[in-house]
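Thank you all for coming. Please take a moment to look at the sequence and the structure on the screen before I begin.

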Amino acid sequence: MQRLLFPPLKAVMGSPCLRLLIPGAAPRTQCGCSCGIRRPLRPGQYSTISEVALQPGRGTVSHPSKAAERVVGRWLLVCSGTVAGAVILGGVTRLTESGLSMVDWHLIKGMKPPTSQEEWEAEFQKYQQFPEFKILNHDMTLAEFKFIWYMEYSHRMWGRLVGLAYILPAVYFWRKGWLTHGLKGRVLALCGLVCFQGLLGWYMVKSGLEEKPDSHDIPRVSQYRLAAHLGSALVLYCASLWTSLSLLLPQHKLPETRQLLRLRRFAHGTAGLVFLTALSGAFVAGLDAGLVYNSFPKMGESWIPEDLFTFSPLLRNVFENPTTVQFDHRILGITSVAAITALYFLSQRIPLPRRTKIAAVTLLALAYTQVGLGISTLLMYVPTPLAATHQSGSLAVLSVALWLMNELRRVPK
């Protein structure tokens, strides 16, 4: 087959006429034309294939430059920072019980806060028609209402800022041709997830505004919807951060040994465990489960509380029983720290680049700091500043876990 194909191909490639089209290969004698003389070209006439390809709208599709990739990477890094800010601000809003203060949702109209006394009183009257005021805040003053209203307003406005931070630059980079084919699909998914987040946030708030005649419990949003809202925000954050790190950090060419493969798989599993632990915190917040069994390491006087499985059917306890929800969060947190510790010692057995070792050490330090914050939050009955710091710490641990995963990613052949 080689004899059939390559000799004729070689003969054709050696033809003087075809060599005219190859840059740097034009012979001095050009098929009977004036010997070695390059005549000036008319407008629209090209002497080589490469010159044709460089013209707009002709030949091959241009690929984004390395500089353009770095700009896109920095943009996604900023976007992931805005998502982290939204998660932290949302946690503070939940801790201050401000999330149900705005009882309607308008994308544009809702951007303008009340400015006069009459507008504030009208907004306060709307709030008074809903369960949180009737059951929990029936003696609230207008000044107190303004505080919780501005907390929720800040969270919603920050959410709009996140949407703009994703969508407007995405349109610009798309038109400039700075996104590769793979990045276009990923950016579309990220922008779609941002829009979904806004709708899911309002769907969550609606669950706390519903009248429940048979219940006199404190009005709160559904813990299932809260977990879905937080979970989608974490997915958005992780996807943005991972993509930005992949574009900004040069990839290590590590030898594909069995130890490295084991370390890479363990890092992926540990990052998944950290994600699950952070997500379980949504059920703790949604059920105020941090206000039961404020002791450590035991829960009350025993290691396993008696009311761990009081709900029926049994599976309801995992998502609706405050005792079980706190117990699960404890177990997941301890397991995550143990996995991170094992990951650190595994990383010490392999010769790794300095940047990768820094990521492993940072992850270990943050994990133990996060455990200390969690225990302190529990023992002190969930003070808002400490609880907000604990929630922020979960994002920090997740970020460094992603960084370490990115350091260990496989180099494409």
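**An all-helix model and its salt bridges**

Let me start with the surface: the protein exposes about 23,500 Å², and carbon and sulfur atoms supply 65% of that area. Please keep in mind throughout that what we are looking at is a predicted model.

If you follow the chain from its beginning, you will count 14 helices and 0 strands, so that the pattern along the sequence is simply α repeated, as in α-α-α-α-α-α-α-α-α-α-α-α-α-α. Of the 413 residues in the protein, 40% are buried. When we take the contacts between residues at least 6 apart in sequence, 76% of them join residues that are at least 24 apart.

The UniProt record, which is an unreviewed entry, carries the annotation "transmembrane region" for several stretches, including residues 75-95, 157-175 and 358-382. We can set two of these stretches beside the model: residues 157-175 are 100% helix and 0% strand, with the end C-alpha atoms 27 Å apart, while residues 358-382 are 88% helix and 0% strand, with the end C-alpha atoms 32 Å apart.

That second stretch brings us to helix 13, residues 354-379, which has 26 residues and reaches 38 Å from its first C-alpha to its last, close to the 38 Å expected at 1.5 Å a residue. Which residues of helix 13 are buried? Among them are Thr 356, Ala 359, Ala 360, Leu 363, Leu 364, Gln 370 and Gly 374. What covers the buried residues of helix 13 includes helix 12, residues 322-348, and helix 14. Just after helix 13, Tyr 381 takes a positive phi of about 60°.

Now I would like to turn to charged side chains. As a general point, side chains of opposite charge can pair when their charged atoms come close. How many salt bridges does a search of the whole structure find? The search finds 12, and I will go through three of these pairs.

The first pair I have chosen is Asp 288 with Arg 94, whose closest N and O atoms are 3.4 Å apart. This pair links distant parts of the chain, since Asp 288 is in the loop between helix 10 (258-286) and helix 11 (316-320), Arg 94 is in helix 4 (residues 66-95), and the two are 194 residues apart. Asp 288 is partly exposed, with a relative accessible area of 23%. Arg 94 and Asp 288 also belong, together with Arg 220, to a network of salt bridges.

My next pair sits within one helix: the side chains of Lys 126 and Glu 123 meet in a salt bridge at 3.4 Å, N to O. Both residues lie in helix 5 (residues 117-127), 3 residues apart, which is about one turn of the helix. Are these two residues buried or exposed? Lys 126 counts as partly exposed at 32% relative accessibility, whereas Glu 123, with a relative accessible area of 11%, is buried because that value falls under 20%.

The remaining pair is Arg 410 with Glu 256, whose side chains meet at 3.1 Å, N to O. Arg 410 lies in the segment after helix 14 (384-407) and Glu 256 in the loop between helix 9 (223-248) and helix 10, so the pair ties together parts that are 154 residues apart in sequence. Arg 410 is partly exposed, with a relative accessible area of 48%, and Glu 256 counts as partly exposed at 45% relative accessibility.

How values were computed
Residues numbered from 1 in each chain as written. Predicted model: local features only at pLDDT ≥ 70, side-chain atom pairs only at ≥ 80, totals over all residues. Heavy atoms only, no water. Helix = DSSP H or I, 4+ residues; strand = E, 2+ residues; numbered from the N terminus. Buried < 20%, exposed > 50% of the residue type's maximum accessible area, 1.4 Å probe, protein only. Contact = heavy atoms within 4.5 Å. Areas by Shrake-Rupley, 256 points an atom, 1.4 Å probe, with all protein chains shown as cover. UniProt positions renumbered as here; feature names shortened; annotations may be inferred. Salt bridge = Lys/Arg side-chain N within 4 Å of Asp/Glu carboxyl O. Expected span 1.5 Å × (residues − 1).
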